Amino acid sequence: MINKDYITIFISVSAFGLSLFSLIVTLVQKNKETKRTIRKNLSDTIENISKIGIETAKLQANKDTDFNSDAIIAIRRKYNSQRRSLITHADFLLQHYENLATETDYNVLADTYVAVGDIERAEYYWLKTIEKTKSNALRIMNLRGYGIFLFHNEKIELGRKIFDEAQQVELTVNDENRVMKIDTCLMLCDMETEFGSKENYEASLIKAMEILATMTSKRRKDEMHKRLIQKLPDSIKPTA
């Protein structure tokens, strides 16, 4: 009789254990499905934001279109309304599911908040972009983007500091990475020309020349030399 009770108890415990295991497996699967759904939702939202940015850029680049005409302004307002709706949704997802976010998600939101005029939120997402970046090459690109953002928002000294940080990021020594470093110098030249000082412009240009001198590929060196020439003041540009 006692043995039968033990057998009954064993069967009951085993059944409970199997039920519990089955429940755990089901919950894990549902959690994975939920994460996939949220990630797809976020990806679709980010893609739609990017598409609006591309269409707006096309309007601005079209030489046959007056970007500030009443008709185009009306279209831009509609695009901005769509942007605001999409970034509100994306912002909500990123705040609640940060573990599913990528640096690209943050980067798109940073640019889009600039486009709709929310500078504080844009800066928040630039910082999140950099924080989330894992690759050194992408880190340089994102630091440059943040530096440009700072220059455009009258934070000149901080902008210079961020560009300097970008230059300090270590990369494998090769010509393609030297090109990236030269690009960083030339971007800073543009910012110094528009917002900064002649001295800092010249210092960045000299730095670009120093990196150029270390390149080994003649073709790439010639390409970058031509780009560098374009950054020289008209008064000292070589004549054809």
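This passage describes the fold, cores, cysteines and selected residues of a predicted model.

The chain is helical. It has nine helices and zero strands. Read along the sequence, the pattern is α-α-α-α-α-α-α-α-α. The chain holds 240 residues, and buried residues make up 35% of them. Its accessible surface comes to about 15,400 Å². Carbon and sulfur atoms account for 57% of that surface. Contacts between residues at least 6 apart in sequence were also examined. Of these, 56% join residues at least 24 apart.

The largest nonpolar core contains 34 residues. Six of its members touch the most other members: Ile46, Ile49, Leu94, Leu109, Tyr125 and Tyr146. Several helices supply this core. Those giving two or more residues are α1 (2-61), α2 (70-96), α3 (103-115), α4 (119-132), α5 and α6. Helix α2 gives the most, with seven residues. Leu109 illustrates the packing. Beyond its neighbours within four places in sequence, Leu109 is in contact with Ile46, Ile49, Leu94 and Tyr125. Ile87, Ala90 and Asp91 are also in contact with Leu109. A separate core lies apart from the largest one and has 15 residues. Among them are Leu186, Ala208, Met224 and Ile229.

The cysteines were considered next. The structure holds zero disulfides. A disulfide is a covalent bond between the sulfur atoms of two cysteines. For Cys185, the closest cysteine sulfur is in Cys189, at 7.0 Å. The cut-off for a disulfide is 2.5 Å between sulfur atoms, so the sulfur of Cys185 is too far from that of Cys189 for a bond. The relation holds from the other side, as the closest cysteine sulfur to Cys189 is in Cys185. Both residues are shielded by the chain's burial criterion: Cys185 is buried, with a relative accessible area of 2%, and Cys189 is buried, with a relative accessible area of 0%.

Asn142 is a polar residue within a helix. It lies in α5, which spans residues 136-152. Asn142 is buried, with a relative accessible area of 6%. Its side chain makes a polar contact with the side chain of Glu103, at 3.0 Å. Glu103 is also one of the residues that Asn142 touches, not counting those up to four places away in sequence. The others are Asn107, Trp126, Thr129, Ile130 and Thr133.

After α5 comes a loop that leads to α6 (156-168). Glu154 lies in this loop. Its phi is positive, about 60 degrees, although Glu154 is not a glycine. Glu154 counts as exposed because its relative accessibility is 73%, and the cut-off for exposed is over 50%.

Gln167 lies in helix α6. Its relative accessibility is 17%. Buried means under 20%, so Gln167 counts as buried. Leaving aside neighbours within four places in sequence, Gln167 is in contact with Lys181, Thr184 and Cys185. Cys185 is itself buried. Gln167 and Met180 are 13 residues apart along the chain. Their C-alpha atoms are separated by 9.4 Å.

Terms used. Residues are numbered from 1 along each chain as its sequence is written. This is a predicted model: local features need pLDDT of at least 70, side-chain atom pairs count only at pLDDT 80 or more; totals for chains, interfaces and linings use all residues. Side-chain values use heavy atoms; hydrogens and water are left out. Helices (H or I, at least four residues) and strands (E, at least two) are DSSP runs, numbered from the N terminus. Buried means under 20% relative accessible area, exposed over 50%, partly exposed in between (1.4 Å probe, protein chains only). A nonpolar core is a set of buried Ala, Val, Leu, Ile, Met, Phe, Trp, Tyr and Cys residues joined through side-chain atoms within 4.5 Å. Contact means heavy atoms within 4.5 Å. Accessible areas come from the Shrake-Rupley method with a 1.4 Å probe; for residues, only the protein chains shown count as cover. A polar contact is a pair of N or O atoms within 3.5 Å; within protein, one must be able to donate a hydrogen and the other to accept it, and residues adjacent in sequence count only if both atoms are side-chain atoms.
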